[in-house]
Amino acid sequence: MSKTAIQIQNLSKVYTTNNTKAVDSLDLDIYKGEIFGLLGPNGAGKTTLIRMLVGLLKSSSGQILFNGEELNVNSSKLKNLIGYVPQVAAFWDNLTVYENLNVIGTIYKIPSKELKERINHLLEGLYLTDHKKKLASKLSGGMQRRLNLAMGMVHNPQILLLDEVFVGLDPQTRNYLYDYLRDFASTKDRTIIITSHLMEIVDALSDRVGILDLGKMLATDTPENLKNTHGKGDILQLEIDKEFDETLISKIDKSVTDITVETKDQTISIKTLNAISKMPEILNVIEEEGFTIQDVKLTKQSLETVFISLTGKELRV
Amino acid sequence: MRMSEKNNKQNKLVSITKNLGFEFRTTLKLSIKYMKEIFRSKLFLIIAVALPAVLMIFMGVIFGGPISSVQSFNILVINDDIGYTNDTVTYNFGELLINSLEDILYPLEEGEEPMNLFYVYETEVYNQSTEDYLIYEEHSLHLTMLIPEDFSEAIFNFDSDVEITVVGDPATGVYQSALSAFTTIYNEFVDSVRLSLGDDTGQSIITETHLNIVGNTTIFDLMVPGFVIIGIVMNIVFVASILAEEYEKRTLEKLQLTPMRTIHLIGGLAIAQLLVALVQIIVLFALSLAFGYNAIGSYILAGAIVWVMSLSMSAIGMMIASFAKKSTIASSISSVVAIPLYMITFFPVWGIATIPMFQINGNVFGVFDILPTNLATRMVNQVMIYGQTFSDIRFEFVSLIIVTLIYLTIGLVLISLLKLRPKKE
Ligand SMILES: Nc1ncnc2c1ncn2[C@@H]1O[C@H](COP(=O)(O)OP(=O)(O)OP(=O)(O)O)[C@@H](O)[C@H]1O
Ligand SMILES: [Mg+2]
């Protein structure tokens with residue numbers, strides 16, 4: 001048995017209409033049982049990549065293997081294996097929430113009794129139970145996104161591909177979804193690929209993160225490793241009560257290891273990994289030199305800092 | 001060993017049955033989905049409401065003006081004239097009449113290519129089968145003329161009237177035009193022959209025999225199939241737009257990712273359309289009855305014909321949807337496509353000859369028969385006006401089924417090639 005759920009080999013996509021290379025010779029292995037977070041600025045190629053993986057979009061070149069096998073897009077093996085929740089919600093306007101899910105579930109050949117239970121379970125979790133008899137067109141935007149989500153998960157796929165599913169959800173539903181996905185992936189051999197603009201969620205949720213830009217994977221690693229290798233560390237900003245000079249700076253630099261110190265006006269900025277653990281030492285030096293600290297600001301290193309340092313772009317949320 | 005083999009077989013059978021059950025469940029679920037969508041959508045209501053209005057407009061157009069314009073007429077002549085011998089010269093004025101009919105050309109204006117006003121076909125005997133031929137060949141013959149044995153004699157015998165019998169279907173406008181053209185020429189013919197023989201006292205008389213079996217067939221009767229079929233033709237619009245909407249709103253992608261196959265989708269939609277059509281057929285035939293439809297045939301058979309035809313309309317809808325990216329585009333294309341399809345349902349009424357494509361055992365399949373609406377209109381007329389039964393129209397019925405299956409196959413292939421494949425862009 002192969003350890004990889006999906007192997008992407010030299011995969012490319014060129015949109016001929018506008019000659020855009022949306023995915024550029026991509027190689028990537030997604031392991032069984034992991035949650036893989038796909039980060040990238042707008043237009044990076046995330047949606048394009050996912051649509052090729054699920055078989056909705058024809059690739060220009062390259063290969064995709066599922067569980068080590070190349071599967072035909074029309075094979076029921078592939079169709080039962082994957083679940084896809086698109087970035088743009090799609091559902092039947094003139095069917096109720098329940099009917100929408102029932103149609104999909106029936107086509108997946110889920111026996112009706114089991115299907116009913118599954119739908120009700122999903123609806124409950126996604127806080128849609130009260131709305132299950134409403135026409136989908138009459139739902140609020142967030143509810144429609146929740147329905148969209150449920151439609152991609154009703155058949156309990158082994159591989160779940162989620163494109164921007166956290167967008168437009170209230171915190172309650174976000175939390176449910178977060179727990180659901182964690183729970184989903186904890187079951188043996190289930191795999192999730194998720195794109196999101198919400199760094200904290202991707203950080204907390206993903207076992208590994210890939211950063212995509214202009215169709216190329218810039219880095220792939222665990223969130224921790226990414227932060228450690230590409231992040232510049234935490235930033236500690238200290239505001240001092242009176243003028244200070246180079247002696248203070250060099251004192252701090254000497255007594256605390258692995259830090260970078262910069263100054264501006266009355267503020268000392270210290271970049272370091274794990275700033276909290278170094279804070280007592282730093283404060284000690286400053287007080288010993290006879291200064292008083294007026295304000296402290298700590299910015300924890302995050303995927304966002306990694307993202308910016310890799311792509312050079314702020315991520316629009 | 002044998003036990004396990006038997007068990008294996010049984011298990012296989014069970015799994016096949018189970019699978020078939022699931023296949024059918026998929027199709028059925030999709031058809032229920034489509035029915036819900038159709039009955040809940042405004043589009044369907046608009047069509048259902050707009051339909052009577054369209055019918056009214058058509059009634060006005062059809063009944064509003066006389067059917068005119070010159071055309072050629074096909075006439076069948078049974079010349080029983082034995083001739084008349086006078087002073088060793090034998091005259092056959094029957095033949096002379098035929099020759100003069102064949103010599104008449106129109107238009108008479110300069111510069112235009114002249115055409116024959118009459119195309120004359122001759123046959124020996126007039127009997128029931130000739131009459132059947134006349135009726136059922138869909139007015140490709142517009143008029144039949146019987147020249148009696150004593151025709152030449154009567155012309156020579158200046159005191160007697162010269163009688164001739166004309167047979168045709170008065171419910172068709174073409175017959176009326178053909179008759180009036182013929183009457184003028186016939187009177188002139190008799191007068192001028194007698195004048196050249198030196199007398200003009202006798203009269204020329206045309207005895208008209210009406211051909212229609214019902215006797216009091218009205219133009220409305222002949223149009224009822226057209227009206228019913230217009231309603232069904234409109235189903236193209238909602239089938240096309242509902243399918244194009246699946247594409248436009250990307251629900252088709254959701255289906256594409258399920259183990260659904262094209263046949264399930266096509267089948268589900270076709271079944272939904274069939275149910276809608278059933279409602280339409282019942283309502284429209286009931287309406288026609290209320291307006292005084294003189295039908296002598298089986299409503300069930302007529303309904304069945306239209307029902308089968310409706311399937312081909314869903315197939316046309318699918319073909320259109322396979323090219324359309326938006327549901328509004330699909331519905332406008334459908335409306336345009338629908339026009340010739342229901343216009344043709346009135347062609348038999350106007351007596352436009354069907355051009356034969358091929359024949360099987362003397363049954364003619366016309367070029368226009370590739371349009372299911374044409375085939376169906378003709379059959380419904382045959383059943384309802386002339387009281388034909390299933391065995392009389394078996395050839396057409398089978399043709400309709402085959403044509404419909406061809407349409408459905410094309411629809412299926414187009415949808416699966418153009419809409420259910422991974423996209424290129
Ligand atoms: N159907 C299409 N035809 C032509 N070009 C396209 C098409 N879809 C996407 N593109 C282009 O391909 C590139 C990648 O687009 P894609 O939608 O994959 O980005 P994304 O990473 O999902 O962005 P976002 O964060 O905005 O969702 C973009 O330059 C986009 O303009
Ligand atoms: Mg996207």
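**View 1. The buried residues of helix α12 in chain B.** In this predicted model, α12(B) tucks away Ser327(B), Ala330(B), Ser331(B), Ser334(B), Ala338(B), Leu341(B) and Tyr342(B), all of them buried. The helix runs over residues 327-343, which makes 17 residues, and at 1.5 Å a residue it should span 24 Å. The end C-alpha atoms are indeed 24 Å apart, so expectation and model agree.

**View 2. Ligand 1 and the residues around it.** Here we look at a site shared between chains, because residues from both A and B surround ligand 1. There are 16 residues around the ligand, and Gly43(A), Lys46(A), Thr47(A), Thr48(A) and Gln87(A) come nearest. Sorted by class, that shell has 10 polar, 4 nonpolar and 2 charged residues.

**View 3. Side chains of chain A that meet ligand 1.** Three polar side chains can be picked out in this view. Asn18(A) has a side-chain N or O atom 3.1 Å from a nitrogen atom of the ligand. For Lys46(A), a polar side-chain atom sits 2.8 Å from a ligand oxygen atom. With Thr47(A), an N or O atom of the side chain is 2.6 Å from an oxygen atom of ligand 1. On its own, ligand 1 has 630 Å² of accessible area, and the protein covers 70% of that. Which elements give two or more residues to the shell? They are β2 (20-31) and α1 (46-54), both in chain A. The largest share, 3 residues, comes from α1(A).

**View 4. The magnesium ion, ligand 2.** Two protein atoms coordinate this ion: OG1 of Thr47(A) and OE1 of Gln87(A), at 1.8 to 2.2 Å. Thr47(A) belongs to helix α1 of chain A, while Gln87(A) is in the loop between β5 (82-85) and α3 (97-107) of that chain, so the pair ties together parts that are 40 residues apart in sequence. Are these two residues buried, partly exposed or exposed? Thr47(A) is partly exposed, with a relative accessible area of 25%. Gln87(A) is partly exposed too, at 33%.

**View 5. Phe22(B) in the first helix of chain B.** Look for Phe22(B) in helix α1 of chain B, which covers residues 2-40. Its relative accessibility is 17%, and since buried means under 20%, Phe22(B) counts as buried. How far from Phe22(B) is Glu122(B)? From C-alpha to C-alpha they are 62 Å apart in space, and in sequence they are 100 residues apart.

Terms used: Residues are numbered from 1 along each chain as its sequence is written. Chains are lettered from A and ligands numbered from 1 in the order in which they are written. This is a predicted model: local features need pLDDT of at least 70, side-chain atom pairs count only at pLDDT 80 or more; totals for chains, interfaces and linings use all residues. Side-chain values use heavy atoms; hydrogens and water are left out. Helices (H or I, at least four residues) and strands (E, at least two) are DSSP runs, numbered from the N terminus. The expected span of a helix is 1.5 Å times one less than its number of residues. Buried means under 20% relative accessible area, exposed over 50%, partly exposed in between (1.4 Å probe, protein chains only). A residue is near a molecule or strand if one of its heavy atoms lies within 4 Å of it. A polar contact is a pair of N or O atoms within 3.5 Å; within protein, one must be able to donate a hydrogen and the other to accept it, and residues adjacent in sequence count only if both atoms are side-chain atoms. Accessible areas come from the Shrake-Rupley method with a 1.4 Å probe; for residues, only the protein chains shown count as cover. Ala, Val, Leu, Ile, Met, Phe, Trp, Tyr, Cys and Pro count as nonpolar, Asp, Glu, Lys and Arg as charged, and the others, Gly among them, as polar. Donors are N, O and S atoms within 2.8 Å of the metal (3.2 Å for Na, K and Ca); water is not among the atoms, so sites may look incomplete.
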